Amino acid sequence: MTALLEVEDLRVAYGKIEAVKGISFTVEAGEVVTLIGTNGAGKTTTLRTLSGLLRPVGGRVRFDGRSLHDMPAHRIVSLGLAHSPEGRHIFPRMTIEENLLLGAFLRRDAAGVQRDVDHAYALFPILGERRKQAAGTLSGGEQQMLAMGRALMSRPKLLMLDEPSMGLSPIMMQKIMATITELRSGGTTILLVEQNAQAALSLADHGHVMETGRIVLSGTGEDLLHDESVRKAYLGED
């Protein structure tokens, strides 16, 4: 069976500097797949390329059987590939509800959009309680909830999450990871970039370790959690 996402020999460069150096991986429907690694490993660049924000210099990307080569970002979203970016990038002067509705800007089914807004509030009750509040007044964790909710408003076949726990308190990080688990249980396919390797691998079906633009190790989440080199390098164990 064809994977939902197929990445083959992907290469991405910033000028003469190659940031992603020929990586290959797949994501099957219903899976959580994680990319872990240190800063500068190429994880965020990979997601930005998959969502059409960057253009690769080589390789092939297919999503749901279609090539994404030279496809603009809005077209990629319309195919069902949504991206919740690192840093959240919410619109601070707009309300929570206005931010959510922006995630559905390509949709024309008003009733369905409203149901998905209600679903976002069910998933993140604090957003529903403050729906008319300016998004910039939210805490970092609440803004992360909003960024995830906004991405879900496009009804994605694949949700890409870039560093969802970055800068959050341990309690808020646990809430975000619990939400990812809940989304997975509901059938959402997720590609997760996360520096908290312990949390990411604990919920992932498969993981890939990136170093300086290359995938250096792959396996199931459980296998990587127990891999000695991963434990030493990313889990802080001797």
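This report describes the fold, the salt bridges and a few single residues of one protein chain.

## Overall fold

The model is predicted. The chain contains 10 helices and 10 strands. Its C-alpha trace spans about 45 × 40 × 35 Å along the principal axes. How does the radius of gyration fit a compact globule? A compact globule of 238 residues would have a radius near 18 Å, and the chain has 17 Å, so the two agree.

Buried residues account for 50% of the 238 residues. Long-range contacts are well represented in the count: of the contacts between residues at least 6 apart in sequence, 66% join residues at least 24 apart. The chain exposes about 11200 Å². Carbon and sulfur atoms supply 51% of that area.

The chain carries 26 positive and 28 negative charges. The mean positions of the two sets are 8 Å apart.

## Salt bridges

The whole structure holds 10 salt bridges. Three of the pairs are set out below.

| Pair | N to O distance | Relative accessibility |
|---|---|---|
| Arg60 and Glu8 | 2.8 Å | Arg60 33%, Glu8 40% |
| Arg184 and Asp205 | 2.5 Å | Arg184 31%, Asp205 23% |
| Glu228 and Lys232 | 3.2 Å | Glu228 54%, Lys232 47% |

Take the Arg60 pair. Arg60 forms a salt bridge with Glu8. Arg60 sits in strand β4 (residues 58-63) and Glu8 in strand β1 (residues 5-14), so the bridge ties together parts 52 residues apart in sequence. Both partners are classed by accessibility: Arg60 is partly exposed, and Glu8 is partly exposed.

Next comes the Arg184 pair. The side chains of Arg184 and Asp205 meet in a salt bridge. Arg184 belongs to helix α7, while Asp205 lies in the loop between α8 (197-203) and β9 (206-211). The two residues are 21 apart, and the pair links distant parts of the chain. Arg184 is partly exposed, as is Asp205.

The Glu228 pair stays within one element. Glu228 and Lys232 both lie in helix α10 (residues 228-234). They are 4 residues apart, about one turn of the helix. Glu228 counts as exposed, because its 54% is over the 50% cut-off. Lys232, at 47%, is partly exposed.

Salt bridges also form a network. Which residues are linked in it? They are Arg107, Asp109, Asp116 and Arg155.

## Two glutamates

Is Glu97 buried or exposed? At 16% relative accessibility, Glu97 counts as buried, because the cut-off is under 20%. Glu97 is placed in helix α3 (residues 96-102). Leaving aside neighbours within four places in sequence, Glu97 contacts Val117, Tyr121, Arg131 and Lys132.

Glu8 differs in its accessibility class: Glu8 is partly exposed, at 40%, whereas Glu97 is buried. Beyond four places in sequence, Glu8 is in contact with Ile23, Ser24, Gly59 and Arg60. Arg60 is also its salt-bridge partner. Glu8 and Leu217 are 209 residues apart in sequence, and their C-alpha atoms are 16 Å apart in space.

## Loop residues

Most residues other than glycine have a negative phi. Arg155 has a positive phi of about 55° and is not a glycine. Arg155 lies in the loop between α6 (140-152) and β7. Its relative accessible area is 44%, so Arg155 is partly exposed. Arg155 also belongs to the salt-bridge network with Arg107, Asp109 and Asp116.

Thr212 has a positive phi too, near 45°. Thr212 is placed in the loop between β9 and β10 (214-220). With a relative accessible area of 54%, Thr212 is exposed.

Where is Ser169 placed? Ser169 lies in the loop between β7 (158-162) and α7 (170-185). At 41% relative accessibility, Ser169 is partly exposed. Ser169 and Gly141 are 28 residues apart along the chain, and their C-alpha atoms are separated by 7.9 Å.

How values were computed. Residues are numbered from 1 along each chain as its sequence is written. This is a predicted model: local features need pLDDT of at least 70, side-chain atom pairs count only at pLDDT 80 or more; totals for chains, interfaces and linings use all residues. Side-chain values use heavy atoms; hydrogens and water are left out. The radius of gyration is taken over C-alpha atoms; the globule rule is 2.2 Å times the number of residues to the power 0.38. Buried means under 20% relative accessible area, exposed over 50%, partly exposed in between (1.4 Å probe, protein chains only). Contact means heavy atoms within 4.5 Å. Accessible areas come from the Shrake-Rupley method with a 1.4 Å probe; for residues, only the protein chains shown count as cover. Lys and Arg count as positive and Asp and Glu as negative; His and the chain ends are not counted. The place of a charge is taken as NZ of Lys, CZ of Arg, CG of Asp or CD of Glu. A salt bridge is a side-chain nitrogen of Lys or Arg within 4 Å of a carboxyl oxygen of Asp or Glu.
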